[in-house]
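Okay, thanks for squeezing me in, everyone. Let me put the model up, and then we'll walk through it together.

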Amino acid sequence: MNTHDGLSAIFEQYGNISRPFTHMPPEEALAIAREHYGADGDIRHLPTEKDDTFHIRCASGRGFIMKVEHPCEPREDVAFQTALLDDLKENAPDLPVPRVIRTQHDAPVLVHTDRAGQERQIRLLSYLQGVPLDHIPTSADGRRRIGAQLARLRHALAGFSHPGGDRAIIWDVRRLPDLRALLSLIEDPLHRACAQAAMTRFMDLLPDIGKLRTQILHNDFNRSNILARAHDDETLAGIIDFGDALRTAIAIDVSTAMVNQLPQDVTPDAAAFLSAPRDVLHGYVEHADLQLAEIGMLGHLLMARLLTRALITTWRAGMFSENRAYIMRHSQATWKQLAWFVERDADTISDLFVSDTSFSNRMGCKA
Ligand SMILES: Nc1ncnc2c1ncn2[C@@H]1O[C@H](COP(=O)(O)OP(=O)(O)O)[C@@H](O)[C@H]1O
Ligand SMILES: [Mg+2]
């Protein structure tokens, strides 16, 4: 396949949510909230990756999030996310996740043709009070709590299954081979060589990654999707954004939470570079087991997530050139972090967390 065909194939499979669409103005959203949910109040549009999201604050003090999906969002994906949140309400009522509010006709999803003539799937979710963790500095203890909360969520979802869970998401690192054509878009030759080396290493590991335990998982446990109680209280008050949830490897879900903790300033010293992600891991293994094969894969999965981010960022910056500076704002750090992994041989990366016997012994890990 030549580069052009390769890029077309990627767009065909993953580009739907990047297609331009007419955004819904807040007054239209509020009219729908009144008519179908009996909800009224102040409404504010929140910036999101691919949909129209609104925060509605009622005079009573109650709050809602209204998600108006991208017109191309598959029905099955929205049904899956809805079923997932309903399942958590039933089986893990203590976990602070949004509840799906029904319409006045008791439907969890409202399919609505908007004023621009686009068919939109609409959901009303309960608003969770709290401060996103990316707005406040996190302590080691706070990072352990993130890991612990992710472990609880994994346990809570262990029995959940749904046909929509097997969806293809570009952010699932197992999809990296599909993104190979994007390598040619990387302009800087050093960056391209680094990405190529990471891709080659990842391809070698793919058969082993395919053997890891899977289940339905959040898979976007980054700080913007986790809420603390207040600026000065790191107690976790909310888990939001199940937009990337799917059935994937447990180790991938853990590595996604860890990668978000890598320092922007990259240091050669492994202990310093990995200290914050390791806090998340320690909190996790206090509450959920990880097998030796999973722990040995974590370093590679961190590399894979960084490669995914670098490739998607490069792709998007090319597609939305007017927004290039915003899209690329963290990319220098991503390239440096990726190079950190590529510069070390594969065995060293496999050992990064396995040799941390303080927890692998405690868990009595077995391969
Ligand atoms: N249920 C909720 N409670 C409180 N805030 C929410 C909720 N859902 C979304 N938000 C706010 O809206 C922002 C974007 O929503 P999110 O679903 O995370 O979209 P994206 O996929 O673009 O990250 C979040 O970062 C958060 O500030
Ligand atoms: Mg989010």
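Quick bit of vocabulary before the strands: when I say two strands pair, I mean that DSSP finds at least two bridges between them. And keep in mind that this is a predicted model.

So, with that in hand, look at β1 and β2. Strand β1 covers residues 42–46 and strand β2 covers residues 52–57, and the two run antiparallel, joined by 5 bridges. If you want one pair to click on, take L46: its bridge partner in β2 is T53. The connection from β1 to β2 is a hairpin, going through 5 residues.

Now over to another sheet. This one is open, with 3 strands in the order β7-β9-β10, and the pairing is antiparallel. Which strands sit at the edges? Those are β7, at 131–132, and β10, at 233–239, and each of them pairs on one side only.

Let's go through it strand by strand. β7 pairs with β9, residues 226–230, over 2 bridges, in the antiparallel sense. There you'll find V131 standing opposite A228 of β9. Then β9 pairs with β10, again antiparallel, over 4 bridges. On that side, L227 has G238 in β10 as its bridge partner. The turn is short to trace on screen: β9 and β10 make a hairpin with 2 residues between them.

As for side chains, in a regular strand they alternate between the two faces of the sheet.

Okay, on to the ligand. How many residues surround ligand 1? There are 13, and E49, K67, S126, L128 and D241 are the closest. Split by class, that shell has 6 nonpolar, 4 polar and 3 charged residues.

Where does ligand 1 lie with respect to the domains? Domain 1 is 18–127 and domain 2 is 132–360, and both give residues to the shell, so ligand 1 lies between them.

Let me zoom in on the polar contacts. The side chain of K67 has an N or O atom 2.8 Å from an oxygen atom of ligand 1. From D241, a polar side-chain atom sits 2.9 Å from an oxygen atom of the ligand. With S126 it's the backbone: a polar backbone atom there is 3.0 Å from a nitrogen atom of ligand 1. On its own, ligand 1 has 550 Å² of accessible area, and the protein covers 82% of that.

Last thing, the annotation. UniProt, in an unreviewed entry, puts "domain: Aminoglycoside phosphotransferase" at residues 52–268. In our model that span is 30% helix and 22% strand, and its end C-alpha atoms are 41 Å apart.

That's what I've got; happy to rotate the model for anyone who wants another look.

Key:
Residues numbered from 1 in each chain as written. Chains lettered and ligands numbered in written order. Predicted model: local features only at pLDDT ≥ 70, side-chain atom pairs only at ≥ 80, totals over all residues. Heavy atoms only, no water. Near = heavy atom within 4 Å. Polar contact = N/O pair within 3.5 Å; in protein donor to acceptor, adjacent residues only side chain to side chain. Areas by Shrake-Rupley, 256 points an atom, 1.4 Å probe, with all protein chains shown as cover. Nonpolar A, V, L, I, M, F, W, Y, C, P; charged D, E, K, R; others polar. Domains from an automatic or database assignment. UniProt positions renumbered as here; feature names shortened; annotations may be inferred.
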